[in-house]
Protein chains: 2
Amino acid sequence: MLMDGTAAAKRIVDQAAADTAALKADGVTPCLATVLVGSDPASVTYVRMKQNRSAKAGIGSWHVELPEAITTRTLVAALTELSQDPDVHGILLQHPVPPHIDERAAFEAIAPEKDVDGVTMHSFAAMAFGEPGFVSATPGGILRLLDEYEVDLAGKHAVVVGRSPILGKPVGMMLLARDATVTYCHSRTADLASYTRQADILVAAVGKPKFITGDAIKPGAVVIDAGYNPGNIGDVDFAGAVDKASLITPVPGGVGPMTIAVLLEQTVAAAKMAQRRL
Amino acid sequence: MLMDGTAAAKRIVDQAAADTAALKADGVTPCLATVLVGSDPASVTYVRMKQNRSAKAGIGSWHVELPEAITTRTLVAALTELSQDPDVHGILLQHPVPPHIDERAAFEAIAPEKDVDGVTMHSFAAMAFGEPGFVSATPGGILRLLDEYEVDLAGKHAVVVGRSPILGKPVGMMLLARDATVTYCHSRTADLASYTRQADILVAAVGKPKFITGDAIKPGAVVIDAGYNPGNIGDVDFAGAVDKASLITPVPGGVGPMTIAVLLEQTVAAAKMAQRRL
């Protein structure tokens, strides 16, 4: 059975739009600032998509475009300014940034209370420790989708393939917080399939097209494909996996829309919190 | 073969003592502030042990004792003051604190640059992301002991039993950073032995005496017992495990001394950094 991320995301975005309307009636317009460095075509597309969805939900968006050659220092200064600007409620730095930039330093310039994409060290630790904070958007979207399909996580074996700071690591911590037994696999894992074949819940987050093949999947597993490779190809070989999995996310239309939905939902939540602080 | 934490710790503490002597010659005395809330006998013993070891290494120690009935707010204020005091280089809040206190709020009042016990959210995320920062003392001690015995971690399956914020979670993140494939098990894990029997490296961090029995251990595994239960009893049934493991930590004399050694080493490192900032 397919896990319909588009439909689940619509419900979240509809709620965000309703909440936005209520906030506007109170004189507050939720505002998401998107920051794009350089002009990588995929990044341009993602940012535009996020702005369009924001606009549809009534969320204001600011867009900051910075040249490819910018220094870490200038990027940090721009993000610090947005962090201090009372009109901005959420900040999204589109990643990856160009390799000469210290991405971590840039992320850390985002104030935790505006980190609606959940990329800061504070947000990560908050996810891991069950403290208040924003979740990483994609991991948060994955958990929402699992909940939408009433997947029981407690005591189940969740295998996460990938250990990036914005995807693999936080999704594992969120699954652990929900009482799954969690295994982190990665490029140095010996005999990867011996782990993935144990997975009741398999999260593919490696960024390699069709990396997880059908024979590496346990019959009846729930398969979450968080890959977004060129040409809309996931990390899972869908044709090989679809008959093994009990539930599986399509690419596109699975995790992707959920990511944006959580981003918008958290922007609205940030605006509500800012309003409460006034 | 036994992993001799006492001997490995002595080498670390001897180096810390030499570094302390050099710092003192430069006019800086490394200083560790220990904070104890209430008078739990085990906690009193632990704090005293840390003070004694500090004194032996020439590290200055301040001791703050606060009554059991203290509020979170007062404890946070005391820790904030120590965080701001230029004469204090490292801060240790002995845990657990009494249940009416918000332990996380207390930990977060420790400045990251003085968090020599590695308990803050910042230190945790830094460990997970490979960023500069102090490590949790016990996990840091475990990794040092594994290195001391030249245990190869890359591609190996490390199973961590326990998921506490100061032990299980950070040790898993540190093992992952060293390219182990890492599985987190816990109280809700179904069929725990089916995981522990796969472990090339098994870390027991649950706080239940003799919880891991010999039949749950893979022949040839490296077994790290981070348990510290009343009566010096570990989380591993040593008698049952010793013939299965290739390397195993005794209790006492395994992980315990390493924890204190890393605490002192990090206090000296904090003093060096403070000196550099002058």
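Two residues are in contact here when they have heavy atoms within 4.5 Å of each other. By that rule, the contact in this predicted model takes 30 residues from chain B and 30 residues from chain A. Local features need pLDDT of at least 70 and side-chain atom pairs count only at pLDDT 80 or more, while totals for chains, interfaces and linings use all residues. Residues are numbered from 1 along each chain as its sequence is written, and chains are lettered from A in the order in which they are written.

How are the two chains related? A rotation of 180 degrees, with 0.0 Å of shift along its axis, superposes chain B on chain A with an RMSD of 0.0 Å, where the fit is by least squares on the C-alpha atoms of residues with pLDDT of at least 70 in both copies. That is the relation of a two-fold axis. Of the residues of chain B, Thr183(B) comes closest to this axis, its C-alpha lying at 2.0 Å. Because 100% of the interface residues of chain B are also interface residues in chain A, the copies meet through the same surface.

The area buried between chain B and chain A, meaning the accessible area (1.4 Å probe) that the two lose on being put together, summed over both, is about 2800 Å², and carbon and sulfur atoms give 64% of it. Met121(B), Phe129(B) and Leu176(B) supply 22% of the area that chain B buries against chain A, more than any other three residues.

Charged groups also take part: the count between the chains is four salt bridges, each a side-chain nitrogen of Lys or Arg within 4 Å of a carboxyl oxygen of Asp or Glu. One of them joins the side chains of Asp179(A) and Arg188(B), at 3.1 Å from N to O.

Conventions. Side-chain values use heavy atoms; hydrogens and water are left out.
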